[in-house]
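This report describes selected local features of one protein chain. It takes up two helices, an annotated site and a loop arginine in turn.

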Amino acid sequence: MTALIVDGERLVRRLKELGSLGVDKDGRLTRLAATDADKLGRDLFVRWAKEAGLVVFIDRIGNIFAVYETSENAGAAPVMMGSHIDTVIDAGIFDGCYGVLAGLGVIEAVKSAGIHLPRPLVAAAFANEEGVRFTPDMMGSLVYVGGMDVEEALQAVSIDGKLLGRELERIGYAGKLNPGFLTPEAYVELHIEQGPILESLGMQIGVVENLQGISWQRITIDGVANHAGTTPMDLRRDAGYAAAKVMNFVHDLALNHRTEMVGTVGSIHFEPNAINVIPSRATLTVDLRSPREERLLVAETALADEIISISNALGVTVRSETLARTQPVEFCDEIVDRIERAAELRGFKCVRMTSGAGHDAQMMARLCPTAMIFVPSARGISHNPDEYTPDGDLINGAQVLLEVVTDLASEH
């Protein structure tokens, strides 16, 4: 199979063309799920898949599957590749899209070479992976593997007050097939790293062994608004100060676990949010991540205890709400080994690593043997228009994907 070559020039060209769709009036790439901009990206992927002679299926949650099946392998469980093409606000052009288009490129390479594999190949574009317009994130793959009821997901309300089901109908991507209609033999996702590790180590390929567990919480602190100039410091019930205590605790908690945990307070809002008023309410989000479930549980308990301590000490009321919770995922050892061998046979420098971000592979691992391949991200930047991976690294990753997937699909 090493004689097969992905058309790297076409892959890069397609990434740029897809990246030009959904640019808003301020010049930002913003292709949120089930918007008109998302429809443009979906239409382009479907057109490319059909031009390649693939059969396209769409399920009820809006996931798109481009399938290459022959008379010899019809009915066999396929090997699936994929990711997503929805974006965050003011995005780069590689996140998610690279995995979808590289999957399409792999199928085209196999098809054009006239090679007949015992298993079909599928390139998937999962819906609403980013979770910016509708929550939760990774919704399309979550529903696909049975982790969320499709009817519940279709009733999700967007940040602009629209129902997901109706929005999918409006843009023409409310499919008829029930999610999970196709069970893969294996799933392999190619992605930019979105972090600085590969670049800092001088590595070309990341062999992803596992994904971190994620704990998202919203914490609401209620104090008492009062005059900033006339209220003595020891008589205040300051929700803003309590929020600062939580922020400091989260930072130190993660720091104390060193490489096994990260913690972030990503958003915060004060009420009444005035320079001369003691905040009566603070609302903040906490993002805790670890590749070890036991570490995550310990951290969640420690945060809960600290919230009680802060509440008692400062005379404020604190409550927390779980927004999302996923356990760490261990990928299939056999596929991980294949990725490492394929990279080494190509002469690429590679390293085994953990993914700090969530991906559709995290959900697909519930359904079938799964693993991921990373390529470097310049300066570790992602979710940003400065997101960049050199063409050579993009092509290297696609070639490793091709070799791993054809190897998996060659087995009965």
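Which exposed residues does the face of helix 9 turned away from its buried side carry? That face carries Asn312 and Ala313. The structure is a predicted model, in which local features need pLDDT of at least 70 and side-chain atom pairs count only at pLDDT 80 or more, while totals for chains, interfaces and linings use all residues. Residues are numbered from 1 along each chain as its sequence is written, and side-chain values use heavy atoms, with hydrogens and water left out.

**Helices 9 and 8**

Helices (H or I, at least four residues) and strands (E, at least two) are DSSP runs, numbered from the N terminus. Buried means under 20% relative accessible area, exposed over 50%, and partly exposed in between (1.4 Å probe, protein chains only). By that cut-off, Glu293, Leu296, Ala299, Glu300, Leu303, Ile307, Ile310 and Ser311 of helix 9 are buried. Seen down the helix axis, these buried residues fall within an arc of 115°, so they line one face of helix 9; the arc is that of the directions from the axis to the C-beta atoms. An α-helix has 3.6 residues a turn, so residues three or four places apart point the same way.

Contact means heavy atoms within 4.5 Å. The buried residues of helix 9 pack against strand 7 (213-222), helix 8 (239-256), strand 9 (281-290) and strand 10 (317-326). Helix 9 covers residues 293-314, 22 in number, and reaches 32 Å from its first C-alpha to its last, close to the 32 Å expected at 1.5 Å a residue. The expected span is 1.5 Å times one less than the number of residues. After helix 9 comes glycine 315, with a positive phi near 70°.

In helix 8, the buried residues include Ala239, Val246, Phe249 and Leu253. The buried residues of this helix pack against strand 7, strand 8 (262-271), strand 9 and helix 9. Helix 8 is followed by arginine 258, whose phi is positive, near 55°.

**The annotated site**

An unreviewed UniProt entry carries the annotation "binding site" for His84, Asp95 and His191. They are spread over 108 residues of sequence, yet their largest C-alpha distance is 10.1 Å. UniProt positions are given in the numbering used here, feature names are shortened, and annotations may be inferred rather than shown by experiment.

Aspartate 95 lies in the loop between strand 3 (79-84) and helix 3 (97-112), and counts as buried at 8% relative accessibility. Histidine 191 lies in strand 5 (residues 186-192) and is buried at 1%. Leaving aside neighbours within four places in sequence, aspartate 95 is in contact with residues including His84, Glu130 and His191.

**Polar contacts**

A polar contact is a pair of N or O atoms within 3.5 Å; within protein, one must be able to donate a hydrogen and the other to accept it, and residues adjacent in sequence count only if both atoms are side-chain atoms.

| Side chain | Partner | Distance |
|---|---|---|
| Aspartate 95 | Histidine 191, side chain | 3.0 Å |
| Histidine 191 | Glycine 96, backbone nitrogen | 3.4 Å |
| Arginine 133 | Alanine 34, backbone oxygen | 3.0 Å |
| Arginine 133 | Glutamate 167, side chain | 2.7 Å |

Arginine 133 is found in the loop between strand 4 (121-126) and helix 4 (139-144), where its relative accessible area of 4% makes it buried. Not counting residues up to four places away in sequence, arginine 133 touches, among others, Leu32, Val157 and Asp160.
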